[in-house]
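Hi,

Here's the structure I said I'd pass along. Have a look, and my notes come right after.

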Amino acid sequence: MNLRDESPLAERRLAFERMLPRRVDMIGRRLDRFLQTGWDINGLSLMQEDTLWLGKQCQDVGLDALVEPLQALANMVDSGLAGETLPDPTLGERMLNEFEALAAATPRHADPGTESPTLRPVGNTSRAETPPPSYWRRWGNDAGPRLFVDEAPAPVVAKPKPVTLAEEYLEWNSAFPPDPGPTEFVIGFDKEIQPAPSGLIEASVPVGQSAPTQPVPEKKREMLTLGESSPTSAPANNNPATARTPARMEPARKLLGAGFRLYHLTSHNPVSLELDQRLETMQVEVDLLEDADELEELLGALPADLVLVDAEFADQLERIGQAVRGTRQRGHKSMQLVAIAHADDIALRLSARRAGVDTLISGVTDANEVLKRLQAAVDPAREAAYRVLIVEDDRSQALFAEGILRNAGMDSLVVLDALGVLPALEQFHPDLILMDLNMPDANGIELTALIREQDAFMQTPIVFLSGESDEDRQFDAIDAGGDDFLAKPIRPRHLISAVQNRVRRHRALEERRSQRPLRDTSTGLHDRASVLELIAPRLGGNGDARPGGLLFVEIESVTLLRERLGLTALEEVLAEAGRLVNGLVGELPAARFGDGSFVVLAPDMDDTGMESLAVRLRAALMQHGFQAQGHPLRLRASVGISPLRFGFPDIGALLNAVEKATREARTQDRGVRRYEPPKPVEAQREAALLAQLRDAVQGEHLELLYQPVVAVAGSDDSQFQVLLRMRDNQGRLRSAAEIIPIAEQADFIVEIDRWVISQALTLIRDRRAEGRELRLFVTQSPLTLADSSQTEWLRGELVSHAVPGTSLVIELRLEDAAIHAGTIRQFCLAMVADGVQFCLSQFEPGPDSDALLEQLPLGFIKLARKYTAGNLSTALRDELRILIDRSHRRGLEVIGHGVEDAQAAATLWMSGIDFIQGNLVQQANQELDFDFNQAVL
């Protein structure tokens, strides 16, 4: 006989073995990606954590054969992390061999003699009898504890005759203890209660003693708050056998953090990878899954707090939703289902609704936004309970609605007399009014008209709940100002849903109307959208007398820091910077604007005050001792200021102005710059120049000049720098420095850069046809290289002109490359395979330049102009020699740019320069007749 091991350890081992192959394969995919595309220090750290965790679990469940290879793999990764070096090819090969041994030893199938653990169902699923007339009170929060079928109910203690409505309500609830059966009932105020075919009801378990109750006055007008004490309450009943507290039941939510378990059905897209890293930083237990079958298995064995489904699994949402519903019915009702969608599609929304998705996140391409939505899902806005005013003359109906809504976490006030509505509104300030239609003294239509006359309650939702079947009468109620009409009988969950949806929309509108800024819990900073909404009313019109302004704080070289530190470490540094900014600005609205930038609204400050604040912010950020991966880190920052008095037409214009000031601040020692609008004459000149530039691309007003780049040791290679010029309406040649910034601001730079490239390739093609090889250096804007279509466009041009990529060198300015390193790197890596070469100009030593040398596939560097001047100091000459030597060690060729005199050329030659370019060699012109064979220095 084959006896199945049913011990807890065996069940745990079975569940672990089902998950283990996926986790091992995930390590293998990560390792394979590293070997194919390069190592990443942050990814290595995550891989080490995975292997250590799996090793500990294998040891705990008795899979000893896997402990040694997992530990060996973790030790290999640790050797790189400890030395802060990336693995070399030899270590990579060893890691791959160790992983293959691990994969071979990993069990791929569970023991066929075992079965999935099952949970005992709650209640008797065979019950179908008709309940007693008042059975709906099982939803009351003061009902007794839920019982399993094999447990006996507690003895009923006799109570004195109730004397108040609240005591009557308590007695009714205690008279009918909760039934464990799964039957859901359709509730009607005026009809007999009938069972519905599906659903499972859980009663709540109260604690504490009964709240004081207020005697009902013996007059026609009655108003009672259930579940709350009143200033004029009677003494509490201290007998625990007869007293319960009708307390509001809060939804059971856990915050994202330690102890929170999340199953992520993922496609491993970039946003999901970044999100998983952020969640692991927050100590969330994230299990990454790749198919719905595995998710269903895990839900059966070990439920989670939240299930997150990537957009690529949208076609399986309904199947996943069914599995989640089954888990909830087994007692895990707080588990949530969240789905991500690429776009807001009605078919997908319908599928998500049918699947029971709690939150659908659509059209989001940023992990930060997904994380915000997840936080909002598990901790719904940390807002006060919904407040519902119930206007109903029948006590039993009022008690029904009050009990259902309170058990769903809402506060309510019951008004039994229609004439007491207006005083109750002033006292309670409800989010929604739930009203009967037919009442004595004043019907619901009349009350609605009176409520809508009150300015404070003109937008408050009014929902009618009535057995009125006359459709004309229902329409009259809506026409009078009602928002919805619910017909009796109604199920509790339908009533809850109708109220919650109306209140949620009402509060969202009130939030926008009042423009209350939201704050990030980790930094204290406001939400970016909230700060921008605060700015909007202060724009436009004549702003000469308008005080205040906007500060833009930018952490420099964030892209390089991200490459160096990894996303997780950088986010920790930026969060600390955010807390620092928030502490310095006090009550001023401040928000994180981008990866490494912050905006601060100073609505009442003058220019002097804003500049003083800007200086303090910059000094605090630069002097603060940040820590990254256990090492000290110093940040560099620049601050731009834009006063509001310039009357910007919209937020976009204001942000453009303050960002421009921040860019200019980078070049100043003070690091702070205030925006000054162009003078009218200058603005007109720029507008006229832009108009001419647009015409020039279509006509013949753009020109190219060429300047030779000469090898100091002599060479017959023909190579020139391409220089862009534009001839204006007066016949003068405008330099690239004059026209390129205007083209970038007007989103016209891509057309300009592509025209230059096309002209250069045509020239190379014509020279090659004559048997003369030619290489051209062409400067391009980072905005052009960031265009998603630029790579394919350039490849097409190379093919159509029949020009090899080696004939083209694309030149980038150091400052531009540092700011746009991420997008530029993607373009450069893509084009290297086609032979295109890259040159970094305005080069000088520093953290930015060192990082760019590691990131970009460079072939040349052009020195900054300070190295090509005539009389260099001794220190600068030593710096130049070291710079050139280090460049040569990296396999880079160095170009001295802007050489004007022989002394500068001699200094460069003695320092080991490779090429010289400047007026000393030849001035730029339209000819390509320079004799490179005779040009030897």
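Below is what turned up, starting with how to read the numbers.

This is a predicted model, so local features need pLDDT of at least 70 and side-chain atom pairs count only at pLDDT 80 or more, while totals for chains, interfaces and linings use all residues. Residues are numbered from 1 along each chain as its sequence is written, and side-chain values use heavy atoms, with hydrogens and water left out.

First, the sheet. It's an open one of 5 strands in the order 5-4-6-7-8, paired in parallel. (Strands are DSSP runs of E with at least two residues, helices are runs of H or I with at least four, both numbered from the N terminus; two strands pair if DSSP finds at least two bridges between them.) Strand 5 (285-289) and strand 8 (359-362) sit at the edges with a single partner strand each, so one side of each has no neighbour in the sheet. On average, neighbouring strands are turned by 20° against each other, ignoring direction. Angles run from 0 to 180 degrees between N-to-C directions, using axes fitted to C-alpha atoms, for helices over the stretch in contact.

Strand 6 (306-309) and strand 7 (336-341) run parallel and are joined by 4 bridges; Leu-306 stands opposite Gln-336 in strand 7.

Then the helices. Helix 8 (317-329) lies across strand 4 (261-265), strand 6 and strand 7, at about 165° to strand 7. Helix 10 (367-378) also packs on the sheet, touching strand 6, strand 7 and strand 8, where contact means heavy atoms within 4.5 Å. Its direction makes about 165° with that of strand 8.

Cheers
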